Amino acid sequence: MKSVLITGASSGIGKALVEHYVAEGYQVYAAGRNAQKLAQIFDGQPRITQLVFDVTQLAQIKAAAEQVDQLEHLILNAGDCEYLDDVMAFDSQQFARIIQVNLLSVGYCLEAFLPKVIGLGRIGIVSSSATILPFPKAQAYGASKAGLDYLAHSLSIDLAQHHIGVSLIQPGFVDTPLTDKNDFAMPWRISSKQAAKAIFKGMEAGKHHIRFPFLLIFSLRLLALLPFSWWRALITRNTQK
Ligand SMILES: NC(=O)c1ccc[n+]([C@@H]2O[C@H](COP(=O)([O-])OP(=O)(O)OC[C@H]3O[C@@H](n4cnc5c(N)ncnc54)[C@H](OP(=O)(O)O)[C@@H]3O)[C@@H](O)[C@H]2O)c1
């Protein structure tokens, strides 16, 4: 039976991915940092193995890796988003926290789980469509996800000789607890179920880029063709009082 490990399995996109992969016949390692939350969601499901670790704690991740046999797919999805409220009072602690949970954590998980990924296997790295264009207050989140973009591209080059594929996953707005906190318009927001379906399909097809929903990605990529000063003027006019 094919197997997949998914981080951030206790909520949102990760939880929907676990459900989708199980429905598609995979053996799923559902990873989260809160054992109680995982048990509440996944207890009693024989095709799901719960793994408990905090993605910022390398020792915990390595201990969990001992329970993992081999993997066809590894989806590094856990992450968080915090916006910097006052750029003039730049909070380096907050900046470091987001870089650690979104970017450094992926390095820790690669160290622990990459050796488990079999030839012809695939790694999915969940970045964001926010990296297509810079947004206000997103210095920490955007920088962490832009780091993931580079990491995924570069990994893809070096892992090709090992016959391991890499998918860079850039979701638009998905309806999850993470976006429930947002107080701005989120055009073309889709459900976590739709996001999981798109990610599964892209991973199975061996796509390097998995981006959705189409209309949001298309609009962002079009706007990204503008000179940066035009984009800065446009986004400033629309977001600052
Ligand atoms: N929703 C969107 O519109 C959107 C768009 C683009 C990209 N993304 C990305 O998609 C991924 C999933 O986001 P989501 O929207 O599904 O958010 P979510 O519902 O808040 O889920 C985030 C998941 O990450 C886990 N997590 C956070 N910090 C962790 C840590 N230190 N150790 C272990 N697990 C940790 C959370 O665990 P707990 O349940 O224990 O908190 C949760 O399972 C994130 O990387 C996010 O940046 C989301």
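**Exercise 1. In which hand of crossing does H4 pass H5?** Describe how these two helices pack.

Let's work through this together, keeping in mind that the model is predicted.

Step 1. Begin with the geometry: two packed helices are described by the angle between their axes and the distance between the axes. For H4 and H5 (residues 139-159), the angle is about 20 degrees and the axes are 7 Å apart.

Step 2. Turn the angle into a word. Angles under 35 degrees count as roughly parallel, and H4 and H5 are therefore roughly parallel to each other.

Step 3. Add the hand: H4 passes H5 in a right-handed crossing.

Step 4. Find the residues that touch. H4 contributes Phe 95, Ile 98, Ile 99, Asn 102, Leu 103, Val 106 and Leu 110. On the H5 side, the contact includes Tyr 141, Leu 148, Leu 151 and Leu 155.

Step 5. Sort them by class: the contact of H4 with H5 has twelve nonpolar, four polar and one charged residue.

**Exercise 2. At what angle do H3 and H4 pack?** Follow H4 to this other partner.

Step 1. Helix H3 (residues 58-65) and helix H4 (residues 92-113) pack at an angle of about 30 degrees, and their axes lie 9 Å apart. That makes H3 roughly parallel to H4.

Step 2. Check the hand: the crossing of H3 past H4 is right-handed.

Step 3. List the contacts. From H3 come Leu 58, Ile 61, Lys 62 and Ala 65, which meet Tyr 108, Cys 109, Glu 111, Ala 112 and Phe 113 of H4. By class, the contact has seven nonpolar, no polar and two charged residues.

**Exercise 3. Is H1 oblique or roughly parallel to H7?** Give the reasoning.

Step 1. Helix H1 (residues 12-23) packs against helix H7 (residues 192-204) at an angle of about 60 degrees, with axes 8 Å apart. That makes H1 oblique to H7.

Step 2. The hand of this crossing is right-handed.

Step 3. In H1, the residues in contact are Gly 12, Ile 13, Ala 16, Leu 17, His 20 and Tyr 21. Among their partners in H7 are Ala 195, Ile 199, Phe 200 and Met 203. The contact of H1 with H7 has nine nonpolar, three polar and two charged residues.

**Exercise 4. Which of the 28 residues around the ligand come nearest?** Then look at some polar contacts.

Step 1. The nearest are Ser 10, Ser 11, Lys 37, Val 174 and Thr 176.

Step 2. Take the two serines. An N or O atom in the side chain of Ser 10 is 2.6 Å from an oxygen atom of the ligand, and a polar side-chain atom of Ser 11 lies 2.5 Å from a ligand oxygen atom.

Step 3. Now try the backbone: an N or O atom in the backbone of Asn 77 is 2.8 Å from an oxygen atom of the ligand.

**Exercise 5. Which residues does a cis peptide bond join, and what is the phi of Leu 120?**

Step 1. Recall the background: most residues other than glycine have a negative phi, and most peptide bonds are trans.

Step 2. Phe 212 and Pro 213 are joined by a cis peptide bond, with omega about -10 degrees. Pro 213 sits in the loop between strand E9 (209-212) and helix H8 (214-223).

Step 3. Leu 120 is not a glycine, yet its phi is positive, about 70 degrees. You can find Leu 120 in strand E5 (residues 117-126).

Terms used
Residues are numbered from 1 along each chain as its sequence is written. This is a predicted model: local features need pLDDT of at least 70, side-chain atom pairs count only at pLDDT 80 or more; totals for chains, interfaces and linings use all residues. Side-chain values use heavy atoms; hydrogens and water are left out. Axes are lines fitted to C-alpha atoms, for helices over the stretch in contact, and angles run from 0 to 180 degrees between N-to-C directions. Helices (H or I, at least four residues) and strands (E, at least two) are DSSP runs, numbered from the N terminus. Angles under 35 degrees count as roughly parallel, over 145 as roughly antiparallel, 65 to 115 as roughly perpendicular and the rest as oblique. A crossing is left-handed if the near helix is turned anticlockwise from the far one by less than a right angle, and right-handed if clockwise. Contact means heavy atoms within 4.5 Å. Ala, Val, Leu, Ile, Met, Phe, Trp, Tyr, Cys and Pro count as nonpolar, Asp, Glu, Lys and Arg as charged, and the others, Gly among them, as polar. A residue is near a molecule or strand if one of its heavy atoms lies within 4 Å of it. A polar contact is a pair of N or O atoms within 3.5 Å; within protein, one must be able to donate a hydrogen and the other to accept it, and residues adjacent in sequence count only if both atoms are side-chain atoms.
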